[in-house]
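Q: I am new to this model and would like a careful close look at one part of it, set against the whole.
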Amino acid sequence: MKRTLIWPRTLASRLSLIFLIGLILAQALSFGAQYYERYESARTTMLGNLETDVSTSIAILDRLPADERAGWLKQLERRNYRYLLGEGSPGAAMDDMPVAVTSIKDAIGMEYPMTVTDIPGPQKHFQVHLKLTDGSPVTIDVRPAMVPLSPWLPIVLLGQLALMIACTWLAVRIAIRPLTRLAMAVETLDPNTHAVHLDEKGPTEVAHAAKAFNAMQARIAAYLKERMQLLAAISHDLQTPITRMKLRAEFMDDCVEKDKLWSDLSEMEHLVREGVAYARSIHGATEESRRTDLDSFLDSLVFDYQDMGKQVQLSGKSAAVIDTRPHALRRVLVNLTDNALKFAGAAELVVKVLADGSLSVNVMDRGPGIAEEELAQVMEPFYRVENSRNRSTGGTGLGLAIAQQLALAIGGSLTLRNREGGGLCAELKLPAPH
């Protein structure tokens, strides 16, 4: 089974991991080299001291009276070896002599013939056996041990590790911060809002990326403005011949062909207006956001429909004052309500506050509804569930597309779902009031 390396998901964690591993390995190599150098230095010093100390200690024991030698053993004892009066422990002869044995032989081997045995046990050690000039046996019990670490060394290592982590965090933060700002600017890039201009300072690469992003924003704004100007010009130019044709149709004798021509011209005029409205909804209006009492706003909208004899009802209260573009919000709700009236003859608006503090305005009807597989498609421009070109039924296919674009422009979202028992519910979600 093939194993794959699992990397952290974020760039910051990946960079931190790479830096920390590299720094820790470099620190480990440095520590290893320093420790080896210290070990070799201490070993050389110890062997030099061993020769002098052993020769001096044996000479002292040899000159002391036999009954006084035991009292000196404690003073002559060292960390790695001690002196015993006697034959020592039984053991096997050593074939491979340690360096310490060579040093002892160089110190006393010529004057005091000696043998070396390897002593088994939990802590492996060896003993050097010799006899003083009066024939008394003396054993040097040698217990090799590593050079002890200095007590301050772990504290220094922990301090170095903390310093490496702090430096890594600082370096990664400095490297990631411009990318974070760029990502936030890209996420908030919206033609309906004011452009977020990135600061073009900092390292060369960061400044270059900021300049490229700002230039891209400017190009997008220019393209959208150019498209709006083109659509406005087409709309203006088309309205003039359509108006002339309608005037000429007025002077025609009443007949079926006149009615058909008049209907086609009215459809063309309506398509032109809706096309321009859709383009404006994508580009975003210049309307500024204002504080708006949502309940009063909805009451006014419903009263206008009721004054025209339309069956539109409102239920629920939000008691919320929101920061929004009132004309854009009104256009969204008018489009949704008009759709409900067109297909069901009546509409009900329900407002409520959701658990997360956001607001929901539902426009509901008891019309034929929409097939589940077409709920997403009806939000696309010029898509119509009914293929009829009659404005009273099929429409232009832009009403819901305009509503969706304007909902996004005011920071909300628009979703459609079929109701139990028949009908459609269009839910407009608005952000929580500040």
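How much area does the protein expose, and what share of it do carbon and sulfur atoms supply? Please then look closely at helix 2: which of its residues are buried?

A: This is a predicted model, in which local features need pLDDT of at least 70 and side-chain atom pairs count only at pLDDT 80 or more, while totals for chains, interfaces and linings use all residues. Residues are numbered from 1 along each chain as its sequence is written, and side-chain values use heavy atoms, with hydrogens and water left out.

The protein exposes about 26,800 Å² (Shrake-Rupley method, 1.4 Å probe), and carbon and sulfur atoms supply 59% of that area. Buried residues, meaning those under 20% relative accessible area with a 1.4 Å probe and protein chains only, make up 33% of the 434 residues. The mean pLDDT, the predictor's confidence in each residue from 0 to 100, is 78, and 83% of the residues reach 70 or more.

The protein has nine helices and twelve strands, taken as DSSP runs (H or I, at least four residues, for helices; E, at least two, for strands) and numbered from the N terminus. Helix 2 covers residues 69–76, and its buried residues are R69, L73 and L76. Seen down the axis of helix 2, these buried residues fall within an arc of 80 degrees (taken from the directions from the helix axis to the C-beta atoms), so they line one face of the helix. The face turned away from that buried side carries G71, K74 and Q75, which are exposed, that is, over 50% relative accessible area.
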